[in-house]
Amino acid sequence: MNRTDDRLLPVLLICAQTAVWPGAELVRGAVPPAPALLVAALVAGPVTAALALRRARPVTALVVVAAACALGAGPLPTGAMAVLGTAGVALALFTVATERDTFTTVLCATALAAWQLLQNISLHGIGDRDGLDLVLTAMLYAAACGAGLLVRRTRRARRAAERTLKRAEAERHRLPEVERRRMERELHDVSAHHLTAVVVTAGAALGLRDRRPELADQALEFAAETGREVTRALGAVRAPTPSREELPSPEERLRALVEGFRRLDQPVDCEIDALPDGVVADAVYGIVREALTNVARHAPGAHTTVRCRYGDTRTEVVVTSAAPTAGSAAHGADLGGGRGQGFLRSRAREAGGSLTSGPTADGGWEVRAVLPGRTAAPTERPVPRNYRVAQLTAAAGLVLQPLLPVLVVHAQPTSTGTQVSAGVFFALLAAAQAVALLWLRRAPRTAQGVLLGLAPLWPVAMAAGDYTGPVVLPPVLSLLATCAAIAADASRTAAREPVPAVNASGAAAVPPAAARSGPGGFAVAGGLFAAGGCRAAARSWLLPASAVVVHAAAAVVAVVDRGTTVPLWAVVGWALSGASLAVGAARRGGTLRARRDLAARGTRDERLAAWTEEAVRDAWAERRRIAAGLETTVLARTADMVTEAEAGRLDVSAERAREALAAMRALLDTVRQGRTEPELRPQPTLQALDLLARQCRATGRDVEIRLTDRVPERLPTAVDLAAYHAAETVLAAGGEEPAVLELDADGVTLTLTATGVPRAARPAVRERLAARVAALGGTLTTGRPDTVGLRLPLAPVPQQGDEERER
């Protein structure tokens, strides 16, 4: 709400209060005394101001409204504070529930009720009717708190859904660019690290050929081994498929990296702290590798120190090299493409840190990066205990303070008597109903039975307490609680139905007759039962029909016990009609709410699925475009380098390594040029599962992809495509639960098992999955409610035309 809405509601309350009093008095011709009008104006001013500012200071507004209404309700006539003391206080309490946490809301409502009870204070100035005033006040406060908490939860869910959609939309445009940058950076790192090492080693061996001929054999062996490693590394860059293999820790990877440079005759000292897996560890590894590669290029033989400190507030990475050794030849000084410093800063920036580099005082070079530490991304902390203690202390002080109760003017002395009033019985029954409603979600059938069992006790309480108020009011209070349970049951039943917007043919699914509710719903249910309708419909209408009968009977008993001249058949008809209307409206409201939530969730899931598909296809197109360039340039020259090294031609092998580096630089220059057209985007395969998982994680859902070692690297095209689209369909079904997709193979069958996907068991999703696997002769199985399994044969299934040709 905006500020205009915040001011509008208090103005409407003041207008309503003015219409009740003194408006009603003026219509009857009675002019209220001037002192009463002055007191009413003095009360209305603070109440209106407090309610206008209720969103900024909800607890303060509640205290001000309650105090002002208490001071005005005593001396003013009956009804002068009726609207402000009920609707105004309820509005303030509702705002506390929507803007503050549950503990604060319950504390405010409890403190307000205890203060009124202990100090015998009325906020609305309406006369007490056999204690029913206390019950109505308690129910008003409970309803205001419950409605506020429900609104706060709904707003939180809506904001979470909006954030999810915003993240998905942003990632839809970002994922292709992120994939391109990842491949560009990885290609640069592979070329800089491996191919540069070949050039540097070969150059050193050729320069010392006369004095140390054994270095040539070592350089040839190193070139061949490094060439094969480059081929494997580039293959991983092209298809970083997840695996269940145990990877070394970040600390072990860094030490292995340093050890590799030591084998190149680079004196490197290191001080490395243990790092957790994640973005920071990946950034540290990339920064250290690039910095050490630059040292090997420009200052071979220079003493280098690598220091990595992982702290609470930050992670510090420092790579310092001394000045180049005199007389050492920099064989790789001309190999750089000028992108190294940019990639270094990009890695640090993406990890949430910063990087600086520059010369040292002794002529060396230093790279220093500051990245996030352990507490760089603090989680939401709970409210401190001392703050809760302060809240309890303040509430107790406000309840027990004697100043305001002394100022309150009591219009009527409290009556004393030994007979228990009807209000006590009503309060006990209302408390029992509240407890049953609290247990409605955990034990719905038990709670519904308790509510139906409490309904006949209200007429008994009326008779036992000599209740003289409106005869219809107690049965209505009982019916309201039961209607809340019926609405919740209808909402839960509608939520379990198949999604109405989707079915196998693409048409809207027709909701079952049992879900059509309303004032005439009992006639429909009766027709279903008479015609032998389904058992689900009978169970669905058992609670509403029982509620109508029980509450109508209670109302009839209460009216007859009080005495009436209306015929009994008219009372019974009136009671049945009223109960049917109330129960039908509650059931219809619960069903509509559930369907609206399902429709909103379905729309959100459809948008997420569409954006995920588009993002993965674009990113897959970028990956395939760059991979195609690798096939024809770098990999071919790397293979030539390995061949020349195995043939014993070191100088030619070094020249092929330089050519591979030049081809890599040319490829990196053309990576940014052009994008694959949408109509030319290739179909993703299982190698794109990492992109699919990354897109799902960007929307806040934890998705893990696992591939066993038995899954072959090359699958039949049809199986590869079908398995990917099945995984995409399962994840596109929606949900917030963590999901795990595991792929395994036994030589003849590829098995895909998805867990944590309860919505994938819906008929529409199952039909789409079954259609995909049936085309390949596969099978679809479901175990637990949140598990789906697919089995696809790795050998192609012979079609009918093939069988005829064979015959």
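Here is a quick briefing on the chain as a whole, its salt bridges, its surface patches and a couple of backbone oddities.

Keep in mind that this is a predicted model. The chain runs to 807 residues, and 43% of them are buried. Its secondary structure adds up to 25 helices and ten strands. Side-chain charge pairing turns up in a number of places, with 17 salt bridges found across the whole structure.

**The chain overall**

- Take the contacts with a separation of 6 or more, and 77% of them are between residues 24 or more positions apart.
- The accessible surface amounts to about 40600 Å². Carbon and sulfur atoms own 59% of that surface.

**Salt bridges**

- Some background first: side chains with opposite charges can pair up when their charged atoms come close.
- Arg309 and Glu271 make one of these pairs, with their side chains meeting at 2.6 Å, N to O. This pair connects distant parts of the chain, since Arg309 belongs to strand β2 (residues 304–310) and Glu271 to strand β1 (residues 268–272), 38 residues apart.
- Both ends of that bridge are partly exposed: Arg309 has a relative accessible area of 36%, and Glu271 comes in at 40%.
- Arg710 and Asp744 are another pair, with a distance of 2.3 Å, N to O. Arg710 sits in the loop between β6 (703–707) and α23 (717–732), while Asp744 is part of strand β7 (residues 739–745), so the bridge ties together parts that are 34 residues apart in sequence.
- Arg710 itself counts as exposed, because its relative accessible area is 54% and the cut-off for exposed is over 50%.
- There is also a network to look at: Arg55, Glu99 and Arg155 are joined into one by salt bridges that share partners.
- Arg368 and Glu366 pair up too, at 3.5 Å, N to O. Arg368 is partly exposed at 28% relative accessibility, and Glu366 is also partly exposed, with a value of 23%.
- Glu366 does not count as buried, because its relative accessible area is 23% and buried means under 20%.

**Surface patches**

- A patch of positive charge on the surface brings together Arg156, Arg158, Arg159, Arg163 and Arg167.
- From that group, Arg156 can be found in helix α6, which spans residues 132–207. Arg156 is partly exposed, with 45% relative accessible area. That makes it eligible for the patch, because Arg156 is at 45% and patch residues need over 30% relative accessible area.
- On the nonpolar side, Val472, Val476, Leu480 and Trp574 make up a surface patch. Together they contribute about 360 Å² of accessible area.
- Leu480, one of the residues in this nonpolar patch, is part of helix α16 (residues 473–495).

**Backbone details worth a look**

- There's a cis peptide bond going from Trp21 to Pro22, and its omega is near 10 degrees. Pro22 falls inside helix α1 (residues 3–27).
- Asn120 has a phi near 55 degrees, which is a positive value in a residue other than glycine.
- To find Asn120, go to the loop between α5 (102–119) and α6. Asn120 is partly exposed there, at 41% relative accessible area.

Notes: Residues numbered from 1 in each chain as written. Predicted model: local features only at pLDDT ≥ 70, side-chain atom pairs only at ≥ 80, totals over all residues. Heavy atoms only, no water. Helix = DSSP H or I, 4+ residues; strand = E, 2+ residues; numbered from the N terminus. Buried < 20%, exposed > 50% of the residue type's maximum accessible area, 1.4 Å probe, protein only. Contact = heavy atoms within 4.5 Å. Areas by Shrake-Rupley, 256 points an atom, 1.4 Å probe, with all protein chains shown as cover. Patch = residues over 30% accessible without salt bridge, like charges linked within 9 Å, V, L, I, M, F, W, Y side chains within 5 Å. Salt bridge = Lys/Arg side-chain N within 4 Å of Asp/Glu carboxyl O. Lys, Arg positive; Asp, Glu negative; His and termini not counted. Charge placed at Lys NZ, Arg CZ, Asp CG, Glu CD.
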